[in-house]
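Please look over the sequence and the structure shown below before reading on. The report that follows goes through salt bridges, strands, cores and one loop residue in turn.

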Amino acid sequence: GGTVIGSARCKSFRTREGRLQAAYNLVQRGITNLCVIGGDGSLTGANLFREEWSGLLEELAQKGQIDEEAVKKYAYLNIVGMVGSIDNDFCGTDMTIGTDSALHRIIEVVDAIMTTAQSHQRTFVLEVMGRHCGYLALVSALACGADWVFIPEYPPEEGWEDSMCVKLSENRARKKRLNIIIVAEGAIDCHNKPITSEKVKDLVVQRLGFDTRVTILGHVQRGGTPSAFDRILASRMGVEAVLALLEATPATPACVVSLSGNQAVRLPLMECVQMTQEVQKAMDEGRFVEAVRLRGRSFENNLNTYKLLSHKKPDAELPKTNFNVAVLNVGAPAAGMNAAVRAAVRVGITEGHKMFAVIDGFEGFARGKIKEISWGDVGGWTGQGGSILGTKRTLPAKYLEKIADQMRTNNINALMVIGGFEAYLGLLELSAAREKYDEFCVPMVMVPATVSNNVPGSDFSIGADTALNTITDTCDRIKQSASGTKRRVFIIETMGGYCGYLANMGALAAGADAAYIFEEQFDIRELQANVEHLTEKMKTSIQRGLVLRNENCNENYTTDFIYQLYSEEGKGVFDCRKNVLGHMQQGGAPSPFDRNFGTKISAKAMQWISKKLKETYRKGKVFANTDDSVCLLGMRRRNLVFQPVAELKNETDFVHRIPKEQWWLKLRPLMKILAKYKTSYDVSDSGQLEHVAMHSPKEAETGAI
């Protein structure tokens, strides 16, 4: 956690004298490429430093501190920025380095507070960081289903005091034992007056008499070890920064490397700084709608989703569509499934449908385990691990007739399946059965949820981030266990079926020396090379090794085989231990990423169902039999896309249950380079310089996460 090389807010760098001294220090060491990792202050300063560079060198030459030769030789300074800031307040970037870890801290606290608040029937007001940016407050409110959130970009309307109190007392009346209110430290009302956590507490106590407590999180949010997401994001951005510096010329603008969805991009530093300043200006002038829009599509999407899911409209105001929609979980449990079910149910009810929950997957469906589910039934589900509805791996093929009967009896007009590879196979089977059963001629959508992340058509699946964090935490602990014994190599087996995602990304996040996966065949020579590499490493100051192995990477080179090989070959140099992580990878409370990814992707899937129901409703019934009415909603590079499952068939290796092409294989060389192997890195996928897009409000509804 933190920063090993140290960090500071430097007053003297804000003066020209300070920058002159900095330029002198760089020239002395012949440095003309600078990679700046920091928030908007650091990056604004870096930009100014680059603009002044030639002037600073001239001045140093006049003072005789450097010679004319040096002025010519070091004429240009190239700068690349990486945004490291927990506020996620820098425009143009989806996620800044550190934001996900800060969310982990907040969610840990909220989960802990929920248990005490539940026992005591308390209201908690939680203050989180974010002086000028409400990102942390907004996303943590989304991730824990908070009752109310105050952020600087979107102040509450006049009379918010009344509406908040009404909402809190309604929730109590619905037998909800706890209320959570989240306040960003920079929260304001529509007259730009601050709204403090104390003010909110006093209001609740005075008006409602609820037992209310304030918790201010403060610097806890900056601390702790980085989450798996942050480690991988930062590693990828580090590579991008170096590539950008290598390609920089005096003519290219200073840029920031960033992630848009799952795609690396480069953006001109100046444009990002200007846009970030625009947001502040819009807020100061009370143009709040504009401020939200300037924050970018990801922020706007979060806000819209929060508004959609947190407030139930009175029944009289809800449309009535007379459609019945069923939701089920299929496959192995994955953390975040419940968040997805909650979002689906609440969006479905908002759109005017009757929502039904199927217990125990397709098997439960066949047995008629299906019941109507209400808005309140899914309260508090976001933070629950596993699958509350119950999930099974059974495929529908052997129950087709019974499932069709249930669809007819309950008059189900659409299906939403949240699950892994079995869910995908299940939808293929149901769509194939349409010729025989009219009941299956309804819109069906799948939301990928599996720790293995092996579903075609999506870069990520719900549950994989939580599993990755479990693996990373465990590896951290295991590495520490060797700090006294020295010279020890650990061999760790991860889940994933034939898919190497968890082993590969876990290795990248935990700083492993090697990862054995099915997708990249390895032989005894490679094993030998790895042992030799580790033997060399033991001669250095770091006397421990970490090797990850996917459970099905090779049927003969088992975890035991590799353990025995390493033990024999490392005799007298290091000793070995092995560890099979097993089912702990499927359990645990969902990470902030999985909660939000699950919530947003599921809400979007539900909106697609509504659209399809309208399109396919003819003469009093729903009839959908085209390929594009059975889709998988996946994250592809930088957009969420609906893809007909029939079209994904060509992209799938059905024998090994993995996609034929997997984006993360491009990151394998990075892991090897970081483990000090000599290898080449494919730069064809590196980010291209593009402009900061001012998106239209319409676009926020389309692809962004």
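Glu615 and Lys612 stand three residues apart in helix α20, so about one helical turn separates them. In this predicted model, the two residues form a salt bridge in which the closest N and O atoms are 3.3 Å apart. Glu615 has a relative accessibility of 37% and therefore counts as partly exposed, whereas Lys612, with a relative accessible area of 10%, is buried. Elsewhere, salt bridges that share partners join Arg16, Arg19, Glu52, Glu59 and Lys63 into one network.

Within that group, the side chains of Glu52 and Arg19 meet in a salt bridge at 2.7 Å, taken from N to O. This pair links distant parts of the chain, with Glu52 in helix α2 (residues 40–62) and Arg19 in helix α1 (residues 16–28), 33 residues apart. Glu52 is buried, and Arg19 is buried as well.

A further salt bridge brings together the side chains of Lys537 and Asp513, at 2.8 Å from N to O. Lys537 belongs to helix α18 (residues 524–537), while Asp513 sits in the loop between α17 (501–510) and β15 (514–516), so the pair ties together parts that are 24 residues apart in sequence. Asp513 counts as buried because its relative accessibility is 6%, which is under the 20% limit for that class. The count of salt bridges in the model comes to 35, and the three pairs described here are set out in the table.

| Salt bridge | N to O distance |
|---|---|
| Glu52 and Arg19 | 2.7 Å |
| Lys537 and Asp513 | 2.8 Å |
| Glu615 and Lys612 | 3.3 Å |

Helix α20 (residues 592–616), which holds the Glu615 and Lys612 pair, also lies across strands β9 (324–330), β10 (354–358), β12, β13, β20 (630–636) and β21, and it runs at about 170° to β13. These strands belong to an open sheet of seven strands with mixed pairing, in the order β11-β10-β9-β12-β13-β20-β21. At the edges stand β11 (370–372) and β21 (639–644), each with a single partner strand, so one side of each is left without a neighbour in the sheet. On average, and with direction ignored, neighbouring strands of this sheet are turned by 25° against each other. Inside the sheet, strand β12 (residues 414–419) and strand β13 (residues 444–448) run parallel and are joined by five bridges, and the bridge partner of Met416 in β13 is Val445.

Met416 also has a place in the largest nonpolar core, which has 159 residues and in which Ile182, Met416 and Phe440 touch the most other members. Helix α8 (residues 228–247) gives the largest share of this core, namely ten residues. A second, separate core of 39 residues includes Leu77, Ile79, Val83 and Leu267. As for Phe440, and leaving aside its neighbours within four places in sequence, its contacts are Leu400, Ile403, Ala404, Met407, Leu430, Ala433, Arg434 and Ala624.

Two members of the second core, Ile79 and Val83, lead on to strand β2. All six of the six residues of β2 (residues 78–83) are buried, so the strand is largely enclosed by the rest of the structure. Both faces of β2 are covered, since buried residues are found on one side at Asn78, Val80 and Met82 and on the other at Ile79, Gly81 and Val83. β2 pairs in the parallel sense with strand β1 (residues 33–38) over six bridges, and the bridge partner of Ile37 in β2 is Met82. β2 also pairs in the parallel sense with strand β7 (residues 255–260), here over three bridges, and Val80 stands opposite Cys255 in β7.

The last residue to consider is Leu581, which has its place in the loop between β17 (575–580) and α20. Is Leu581 buried or exposed in this loop? With a relative accessibility of 6%, Leu581 counts as buried. Leaving aside neighbours within four places in sequence, Leu581 is in contact with Ile471, Thr474, Ile492 and Glu493. The C-alpha atoms of Leu581 and Thr470 are separated by 9.2 Å, although the two residues are 111 residues apart along the chain.

Technical notes
Residues numbered from 1 in each chain as written. Predicted model: local features only at pLDDT ≥ 70, side-chain atom pairs only at ≥ 80, totals over all residues. Heavy atoms only, no water. Buried < 20%, exposed > 50% of the residue type's maximum accessible area, 1.4 Å probe, protein only. Helix = DSSP H or I, 4+ residues; strand = E, 2+ residues; numbered from the N terminus. Pairing = 2+ DSSP bridges. Core = buried A, V, L, I, M, F, W, Y, C linked by side-chain atoms within 4.5 Å. Contact = heavy atoms within 4.5 Å. Axes fitted to C-alpha atoms, helices over the stretch in contact; angles between N-to-C directions. Salt bridge = Lys/Arg side-chain N within 4 Å of Asp/Glu carboxyl O.
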